[in-house]
Amino acid sequence: VVGNFFEVGLPLIMYFYSFYKLEKSIESNSNDSNAINIAKDSSEVEKSFLLPTYDVMLGTFEDYAELVIQFGYTTMFVAAFPLATVMSLVNNYVELKVDGWKISSLVRRPEPRSCEDIGTWYTILEIVSAAAVFVNSGIVAFTSSITLNYTYVERIWIFILMATGLFCIRLIVAFIIPDIPPEVEIQIKRQEYIVGKVLYNKEDEEDHIGHSFNLVPDYSVKETDEDAL
């Protein structure tokens with residue numbers, strides 16, 4: 001709640017305050033009622049100009065950092081508080097709507113930038129997920145009430161076996177669920193093929209078949225179309 005207030009509520013208050021200051025400055029510097037009406041009936045472009053800018057670098061950095069921190073707390077301490085996963089799901093749904101409204105209504109239109117993937121954040125998420133295996137195994141083995149009657153050596157073995165099992169499950173899930181869906185991978189290859197043909201005039205893989213038969217293209221202009229298709 002506090003994060004959403006600082007992310008959405010504070011920029012909204014600053015926007016109304018800046019628009020209020022603009023109206024007051026026009027009223028104090030001009031006695032023309034038309035000028036005051038123009039200020040109140042500003043176009044969408046003029047209203048957007050008063051909005052704060054969405055920084056290309058820091059804007060996405062703060063959004064990613066917020067999600068990664070939440071992912072770390074949710075995964076590394078899920079053994080201590082399992083309800084955190086449900087709370088994280090609800091929070092992410094609200095965050096999705098809030099961020100969409102913020103980008104479309106509370107800031108200037110962001111400058112479009114192309115990117116291949118999420119960059120270093122993927123490595124950070126991998127490290128956090130790997131650390132979560134050891135943290136949760138340690139919580140269960142050394143602080144859980146289930147292992148109170150076990151010796152210290154038995155707890156170490158529980159920690160090792162649990163960490164190994166969770167790592168195996170993690171690898172199996174990563175193998176079953178691909179990082180790139182097959183449909184997206186097909187579209188990526190199609191895009192690479194089109195770019196190669198249009199920009200770099202790349203030859204097709206079957207071009208050598210035509211060269212083996214010494215086929216000569218016919219570029220003559222004919223009066224009638226003899227192609228049946």
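**Salt bridges, helices and a pocket in an all-helix model**

The side chains of Lys189 and Glu185 form a salt bridge, with a nitrogen-to-oxygen distance of 3.9 Å. The structure described here is a predicted model, and its chain is a good place to look at how charged pairs sit on helices. Side chains of opposite charge can pair when their charged atoms come close. For Lys189 and Glu185, the cut-off for a salt bridge is a nitrogen within 4 Å of a carboxyl oxygen, so a distance of 3.9 Å qualifies. Both residues belong to helix H8, and because they are 4 residues apart there, about one helical turn separates Lys189 from Glu185. An α-helix has 3.6 residues a turn, so residues three or four places apart point the same way. The two partners fall into separate accessibility classes: Lys189 has a relative accessible area of 53% and is therefore exposed, while Glu185, with 37%, is partly exposed.

Helix H8 itself runs over residues 182-200. Its 19 residues, taken at 1.5 Å each, should span 27 Å, and the C-alpha atoms at its ends are 26 Å apart, so expectation and model agree. Just after H8 comes Asn201, which has a positive phi near 50 degrees.

How many salt bridges does a search of the whole structure find? The search gives 2. Besides the pair in H8, a salt bridge joins the side chains of Glu126 and Arg170, at 2.7 Å from N to O. This pair links distant parts of the chain, as Glu126 lies in helix H6 (residues 120-143) and Arg170 in helix H7 (residues 152-176), with their positions 44 residues apart in the sequence. Glu126 counts as partly exposed because its relative accessibility is 34%, and Arg170 falls in the partly exposed class at 24%.

Helix H6 also holds Ala141. With a relative accessible area of 0%, Ala141 lies under the 20% limit and is therefore buried. The C-alpha atoms of Ala141 and Ile158 are 5.9 Å apart, although 17 residues separate the two along the chain.

Turning to the fold as a whole, the chain has 9 helices and 0 strands. Its pattern along the sequence reads α-α-α-α-α-α-α-α-α. Of its 229 residues, 19% count as buried.

Helix H4 (58-76) comes after helix H3 (44-49), and the loop between them contains Asp55. Leu50 is found in this H3-H4 loop as well. Are these loop residues buried, partly exposed or exposed? Asp55 is partly exposed because its relative accessibility is 38%, and Leu50 counts as partly exposed with a relative accessible area of 25%. Each residue can be paired with a position 56 residues away in sequence. For Asp55 that position is Glu111, with a C-alpha separation of 8.4 Å. For Leu50 it is Leu106, at 9.9 Å between C-alpha atoms.

The geometry of H4 is likewise as expected: at 1.5 Å a residue, its 19 residues should span 27 Å, and the end C-alpha atoms lie 26 Å apart, so the values agree. Buried residues in H4 are Gly59, Asp63, Ala65, Val68, Gln70, Gly72 and Thr74.

H4 also contributes to the largest pocket, supplying 3 residues, the largest share of its lining. About 440 Å³ of space lies in this pocket. Its lining is made up of 15 residues, and those nearest the pocket centre are Val56, Met57, Thr60, Arg113 and Cys115.

Which residues form a nonpolar patch on the surface? The patch consists of Phe81, Leu83, Val86, Met87, Val90, Tyr93 and Val94, and together these residues have about 670 Å² of accessible area. One of them, Met87, is found in helix H5, which covers residues 84-106.

Methods:
Residues are numbered from 1 along each chain as its sequence is written. This is a predicted model: local features need pLDDT of at least 70, side-chain atom pairs count only at pLDDT 80 or more; totals for chains, interfaces and linings use all residues. Side-chain values use heavy atoms; hydrogens and water are left out. Helices (H or I, at least four residues) and strands (E, at least two) are DSSP runs, numbered from the N terminus. The expected span of a helix is 1.5 Å times one less than its number of residues. Buried means under 20% relative accessible area, exposed over 50%, partly exposed in between (1.4 Å probe, protein chains only). Patches are made of residues with over 30% relative accessible area and no salt bridge: like charges are joined within 9 Å, nonpolar side chains (Val, Leu, Ile, Met, Phe, Trp, Tyr) within 5 Å. Accessible areas come from the Shrake-Rupley method with a 1.4 Å probe; for residues, only the protein chains shown count as cover. On a 1 Å grid over the protein atoms alone, a cavity is a set of points where a 1.4 Å probe fits but cannot get out, and a pocket is an open set with protein on both sides within 12 Å along at least five of seven lines; lining residues have an atom within 4 Å of a point. Grid points are joined across faces, edges and corners, and a volume is the space filled by probe spheres set on the points.
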